[in-house]
Amino acid sequence: MPEVPNDTNNRISNESERRSDAPAERSLNFIEQIVEEDIASGKNGGRVHTRFPPEPNGYLHIGHAKSICLNFGLADKYGGKTNLRFDDTNPVTEDTEYVESIKADVRWLGFEWENEFYASDYFDQLYAFAENLIQKGYAYVDDSTAEVIAAQKGTPTEPGKDSPYRTRSVEENLDLFRRMKAGEFPDGAKVLRAKIDMASPNMHFRDPIMYRIKHAHHHRTGDAWCIYPMYDFAHGQSDSIEQITHSLCTLEFEVHRPVYDWYIEKLGIFPSRQIEFARLNLTYTVMSKRKLLQLVNEGHVSGWDDPRMPTIAGIRRRGYTSASIREFADRIGIARRDNLIDVGLLEFCIREELNKTTTRVMAVVDEQPIKVVLTNYPEGQVDEVAIENNPEDHESGHRNVPFSRELYIERDDFLENPPKKYFRLSPGGMVRLKGAYIIKCEEVVKNDEGEIVELHCVYIPESRSGSDTSGINVKGTIHWVSVAHTIEAEVRLYDRLLTSEDPSSEDRDFKEFINPKSLEVVRAYVEPSLKTAQAGDRFQFIRKGYFCIDPDSSNEKLVFNRTVTLKDTWAKEQRKS
RNA sequence: UGCCGGGUCGUCUAAGGGUAGGACGACAGAUUUUGGUUCUGUUUGUGAGGGUUCGAAUCCUUCCCCGGCAACCA
């Protein structure tokens, strides 16, 4: 697990700050309404205690971020607490690597948990709960195979059938369950089931399995156990043990709620309340751990933290700030209807922040930039021109950038036969070099293949930025770097991971929609001030987008990730025609 | 076909018997030494029918559509 860099934008506002910061009064989401009703009625003594319960079998993604912001945000808002609880009841898929990454991600998002718990902390207690239910006649040991149990379960439209083992005596059940625990039986030989109703219209009520035998090494309890509780027999009781007041989960657990309540009722323990909300779906990506794991294992991406991944680790490496993720979570809201959020909203959130905070720098992102030679500029002369660090922040000051006779500009910023509203450079045309002079293109130099290799231009000495007396008005301003002073860098340009807006709605497998151009690695020529930039530093490349230094970067070779492009109305217009 | 949910601008999300509002997007304009930012304006919505009511997105009813549920996963 790589160390997670500090996020300077990671400050969590305290309560009073948050209140004064609060813009217009926002309406409550349905969970906040429930919480406020509970507080008003004095339920749980007005206490609010939530929990974030990941299973440590994969990395967290932006959908988890929604849940984290909801759970921690709710506690924060109502003076409550939030536990981090690892739902580690299935040792074969779980690992401490995931535990560590999850903790790092939650912290990076800006939240600190009240308690760090594990469902495995409660194995003794859960075992006692199970014996309790056996004693009350609510549970029995079933020797049937998985296949037989599945067959007896019936279907959604047909009731199930009772297992022949359903009528075992309490004594026999107790004896068998203890021997399951003692390791007398192989995996799959027996399970402990709740005795509820094999004819229930809710499939989860048809004698759900409580414990199964798994002779597997657990990441925390080691080899102490060979029986492990199922989700349904662990989650609600864990909530109850921790006195969780509001147990928030996604919609697919809705049909589990009657089971959740049933165990709590039969055990007579603290009644936590489960409330479901719709999970996050984002356009042009997938959000299931299974699919993300597949992308990682099959090498479609470089790892869980590949900047194209919707994982928190990936988004972080891409250059997103945690504040922008929190803002996003806030804007998408909480409701029960299925949703598919436009990834454009996420991009809006990061642009909004980075626009205010990043230093503007000159970077010519082009494998083959065009060299501009200013024929009337003295050879060997170097000028220092002042560039505003950030026009959105007047305190940010200026920085000197070297200017000389030979410059690089992007190939896109010159067109031999420009269309009507093209504001950039063209033969005989004029353009402003950002922070420097207006230039006029007088000659286009081509190689034998007819490719443009050089532009011979003249600069207008009176047009210098800040002291322009030329009286010339140009429509366009372009960025540039001085050939003699630039440093080369690698830039990784990311695009959407998938080409389908909603891959789950497609007939074909999601992997058929992997965007072959989701990563493009190009060379760039950047201004010398970037020499000392450190991993995690963020910049705006003027007119291009927001970029951050990747951990792969070194003193020898700068590596930038493009977090997000700037809005580009010109490109949009081009696409239309 | 059984059970449980859910349907409000293109996308999210409010309004819970009394003006359908906000955000993102889109479009138009202003400003701009980033075709960025900022500002202004515009556009578009209650799945359908019936009922209750002075008045329905909201209550009742029939229908339609969408999602989830049949792992010894969570």
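A residue counts as buried when its relative accessible area is under 20%, and as exposed when that area is over 50%. The exercises below apply to a predicted model.

**Exercise 1.** Determine which residues of helix H2 are buried and where they lie around the axis.

*Solution.* Helix H2 spans residues 30-41 and has 12 residues. Its reach from first to last C-alpha is 17 Å, close to the 16 Å expected at 1.5 Å a residue. With the cut-off of under 20%, the buried residues of H2 are Ile31, Glu32, Ile34, Val35 and Asp38. These residues cover an arc of only 160° around the axis, and therefore lie on the same side of H2. The face turned away from this buried side carries the exposed residues Glu37, Ala40 and Ser41. The cover over the buried residues includes helix H3 (62-77), strand S8 (246-250) and strand S9 (273-277).

**Exercise 2.** Describe the two ends of H2.

*Solution.* At the N-terminal end, Asn29 acts as a cap, with a side-chain oxygen 2.9 Å from the backbone nitrogen of Ile31. After H2 comes Gly42, whose phi is positive, near 80°.

**Exercise 3.** Identify which part of RNA strand B the side chains of Ser27 and Arg212 approach.

*Solution.* An N or O atom in the side chain of Ser27 is 3.0 Å from a sugar or linking oxygen of RNA strand B. For Arg212, a side-chain N or O atom is 2.6 Å from a phosphate oxygen of the strand. Considering the atoms of RNA strand B within 4 Å of the protein, 65% belong to sugar or phosphate and the rest to bases.

Conventions:
Residues are numbered from 1 along each chain as its sequence is written. Chains are lettered from A and ligands numbered from 1 in the order in which they are written. This is a predicted model: local features need pLDDT of at least 70, side-chain atom pairs count only at pLDDT 80 or more; totals for chains, interfaces and linings use all residues. Side-chain values use heavy atoms; hydrogens and water are left out. A residue is near a molecule or strand if one of its heavy atoms lies within 4 Å of it. A polar contact is a pair of N or O atoms within 3.5 Å; within protein, one must be able to donate a hydrogen and the other to accept it, and residues adjacent in sequence count only if both atoms are side-chain atoms. Helices (H or I, at least four residues) and strands (E, at least two) are DSSP runs, numbered from the N terminus. The expected span of a helix is 1.5 Å times one less than its number of residues. Buried means under 20% relative accessible area, exposed over 50%, partly exposed in between (1.4 Å probe, protein chains only). The arc is that of the directions from the helix axis to the C-beta atoms. Contact means heavy atoms within 4.5 Å.
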